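Could you take a look at this one with me? I've jotted down some notes to read alongside the picture.

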Amino acid sequence: MSKALQNTRNIGIMAHIDAGKTTTTERILFYTGITHRIGEVHDGAATMDWMVQEQERGITITSAATTTFWNYNNQEHKINIIDTPGHVDFTVEVERSLRVLDGAVALFCAVGGVEPQSETVWRQADKYNVPRMAFVNKMDRSGADFYSVVNQIKEKLGANPVPVQIPIGSEENFKGVIDLIENKAVVWHDDEKMGTRYELVDIPEELVAETEEWRGKLVEAVAEHDDALLERYFEDPNSITKEEMLAVIRKATIGMTITPVLCGSAFKNKGVQRLLDSIIAFLPSPMDVGNISGINPKNDEIVERKPEATEPLSALAFKIATDPFVGRLAFLRVYSGKIDAGSYVLNVRTGKRERISRLYQMHANKQNPKDVIEAGDICAAVGFKDLRTGDTLCDEKRQIVLESMDFPKPVIGIAVEPKTQKDLDKLNIALQKLAEEDPTFTVKVDGDSGQTVISGMGELHLEILLDRLVREFKVECNQGAPQVAYKESITKTVPHREVFKKQSGGRGKFADIQIEVGPIDEGETGLQFVNKIKGGNIPREYIPAIQKGFKEAMFNGVLAGYQVDSMKVTVLDGSYHDVDSDALSFEICAKMAFKHACVNAKPKLLEPIMSAEVVTPEEYMGDIIGDFNKRRGKVEGMENKGGARVIKAKVPLAEKFGYVTVLRTISSGRATSTMEFSHYEEVPMSIATEIVEKAKGKSEIV
C-alpha cells in the first residue's frame, strides 16, 4: 500500500491566463499514453477543456481532474492532475483545487513572466502550504527571456527559484534544454512524431561557460540545504553526485525553501517529458505530506489520520459538478481509509449517512468506474442527496471534521427572468444546480422588486453562467443591467431604546430593550453581540431572539437596503411582560431597533474597489491613464515589461462595466487588462446620494 502511495502524485497546474496550462496538460496526456492525438486549445479540441464555452473561448473555466501514469526510474507512478483556470473570475476553482493538492506546477509565460493572476494563485498556494515547482513555457515565442522570468519569480513572488535546467537558444532558435543535474544537453527532434523522441548529447561549446556558472549556483543552493554536503562542497564542489542533488532538491522543494525551475515549449512539444520526470522527482507523494489533522465534532479535540487504507475514512468534497449522463458528481480527495462503491459514509455537516452508489476515476469529463478508492487518491462519486463543496465525509464511529474552505463574496449581480413564464420552474432548478457547483455564485430574490438576482465574481463569470443556462438547461433568459454589490456600515456608537407593543384582543405582544449600536471592535467580524444584562430584566431565553433579530435585520441596511457587513450591538437593559412577552416579540423589537438606531449612527455606503492592471504599448498610455481618471481610478504605479508598459490602478467596480470594449477601442485592440477584487471603500457623498435616491425610488415604485 505505502509503495503505491509513495508512487502517487496529486498535482495541479496553475498560472495566469494564456500561460499554456491546458496545452501543457494536453501534452502530458499525450506522452503518458492517455490520448493518441493532441487536442489544441486554439482549435477548440483540447481534451481537458470539455465545456462548450471553454472550447469556444479557448479558456479553462472548470478545473478538470485526470489520472495518468508515467514511468520514472523503471517504476510506474500514478499522477492525478487538476487543470485549474487562470481567469480571476474563476478564482474559486483554483482555491478549492489547491486545498486538496499535494504539489503544484506553476506555469509562467517566457514573454509575460509573472503576471497578476500568477501572483494571486501563488498566494493561494502559500495559504494552503502547497510545495511547487516552476515551468517557464513558450520559450519559442518572440521576446522569450528565461532569466528575466527567474528574476521576477524571486522579486515579485518572494520565492527562491533555482533553475535545474537552462534553455538552448530562445525564440525561433529554441532547440532544447541543458539539464544542470545531469550536466548534459537534451535535444528534441522536430522531425520525430510530436517530439516523443529526444536525446542526451554533450553541451554545445558556446554554452559551456554559461552552464558552468548556473550549475555552480545549483550545487551551491543544494549544499546550503544539507550540512554534510556543505562541508564537502567547500573541499570539492564536483564531489556532489546526481543522486545526492536529487534527494536534497526534493527535500527542499517539499519543505518549500526552494522552487526548482524548468523550461520548454509545450506547444512545440519540447520539455514536457522532463517536466513529468521532475514532477515525480521533486513533488511530494501523500506519504511526504504526512498526516491530516481535523477536529472531532463530539469533543472538539484535534485528531490526526495517517494516509493509509487501514485508517478510518476521512475525505473532503472539493467540487460538485453536474454531468448530463450520471447527474451530480462529487469530486473527493480521500485522505485516509478507503471508500467502497455501494457503501455508506457520514456527512459531518448534515450529520446524515450518505450512500455512495458509484465511484469513478476521472479523465477530463469521461469516467472510469472503480470498486474502491484508497487513501491519497482523488475520485468522483455519485449518489449523494445533500453534499456541498467543503463537506467532510468520514467513518460514522470515528468522526473527524477537516478544515473547510473560505470563499470570496460575490461583487456583481444582475436581475434575470425567463423569456416565457412556463420556464420559471426550470430556471429556478437550473440556478439552484449552478449555485451548488459554484460557491461564489449566489441566487436571491429581491424583497422589494420580487426580481431574481444572480451574483458572481465578475462580468465574464455571469456571462458564462447565463450561457450555460441556455446550453445545458435549455432556459432562455432576459437580463437586467449589472448591479454592484454595495455594502453599508455604521460609523458612530449611539444608545437607543425600543419598545414594541401590540394589543389585538386576548394575548398581546410586548418587548422593551435598551441597546447601544456602533462599529465593530478590531479583529471581530459579522455581528458582535454583547449581553450586559444583570439580573432578570430580560429573561435569558429571550436574548438569542434579540441576537437573531439583529442578524436578520443586517441583510437590509437603512440607507439603500444593502447588507450591513459588520456591527456591534450591546444589550444594556430592558423589560418584559409576564403574559405578553415571547421570543418573537423580542426578535421583532430588535429588528425595529436596528432600523431606528442605525439612522442616527452615521450610516455610510461602501463600494467594491478592484485592482486593475493594463499591459499596453507605450503610445496608448496617456489615453488609458486619462480614462482611469474619468472612472474615479487611482493609478498606483507603472513599470516596463518586455517592451510594453504596465499600468496598475485601483478602480471602483461601478465604473468598470464594459471596460474591455472601451480599452479595445482606445488601444486599437493591442492592450490587455486584468481585474480582481481588492477591498471595500466609502462611496463619495455625491454618488452615494444618487444611489440612495435610486434605491428609494425603486422601493416606492414597488
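Here are my points, going through a hairpin, a sheet with its helices, a helix pair and one more helix.

1. Before anything else, keep in mind that this is a predicted model.

2. Let's begin with β8 (residues 176–179) and β9 (residues 184–188), which pair in the antiparallel sense over four bridges. To find one of these pairings on screen, look for Gly 176, whose bridge partner in β9 is Val 187. The two strands make a hairpin with four residues between them. While you're at the turn, check Asn 183, which has a positive phi of about 60°.

3. Strand β9 has another neighbour too: four bridges join β9 to β10 (residues 198–201), and these two run antiparallel. A handy spot to look at is Trp 188, which stands opposite Tyr 198 in β10. As general background, strands of a sheet pair through backbone hydrogen bonds, either parallel or antiparallel.

4. Next, go to the open sheet of four strands, in the order β30-β31-β33-β32, where the pairing is mixed. Which strands sit at the edges? They are β30 (494–502) and β32 (527–531), each pairing on one side only. From one strand to the next, the twist averages 25°.

5. Within that sheet, β32 and β33 (residues 567–575) run parallel and are joined by five bridges. One pairing to pick out is Gln 528 with its bridge partner in β33, Lys 568. Helix α14 (residues 543–553) packs on the sheet and touches β31 (509–518), β32 and β33. The direction of α14 makes about 155° with that of β32.

6. Another helix to find here is α15 (residues 583–599), which lies across β30, β31 and β33. Helix α15 runs at about 40° to β31.

7. Now for a helix pair: α16 (residues 621–630) and α17 (residues 659–666) pack at an angle of about 150°, with their axes 10 Å apart. Why call them roughly antiparallel? Because that angle is over 145 degrees, the cut-off for the term. Their crossing is right-handed.

8. Who touches whom in that pair? Asp 623, Ile 624, Asp 627 and Phe 628 in α16 meet Tyr 659, Val 662, Leu 663 and Ile 666 in α17. Sorted by class, the contact has six nonpolar, no polar and two charged residues.

9. Last one: is helix α10 (residues 272–282) mostly covered or mostly open? Mostly covered, with 11 of its 11 residues buried. The buried residues include Arg 274 and Asp 277, along with Leu 275, Ile 279 and Phe 282.

Methods:
Residues numbered from 1 in each chain as written. Predicted model: local features only at pLDDT ≥ 70, side-chain atom pairs only at ≥ 80, totals over all residues. Heavy atoms only, no water. Buried < 20%, exposed > 50% of the residue type's maximum accessible area, 1.4 Å probe, protein only. Pairing = 2+ DSSP bridges. Axes fitted to C-alpha atoms, helices over the stretch in contact; angles between N-to-C directions. Parallel < 35°, antiparallel > 145°, perpendicular 65-115°, else oblique. Left-handed = near helix turned anticlockwise from the far one by under 90°. Contact = heavy atoms within 4.5 Å. Nonpolar A, V, L, I, M, F, W, Y, C, P; charged D, E, K, R; others polar.
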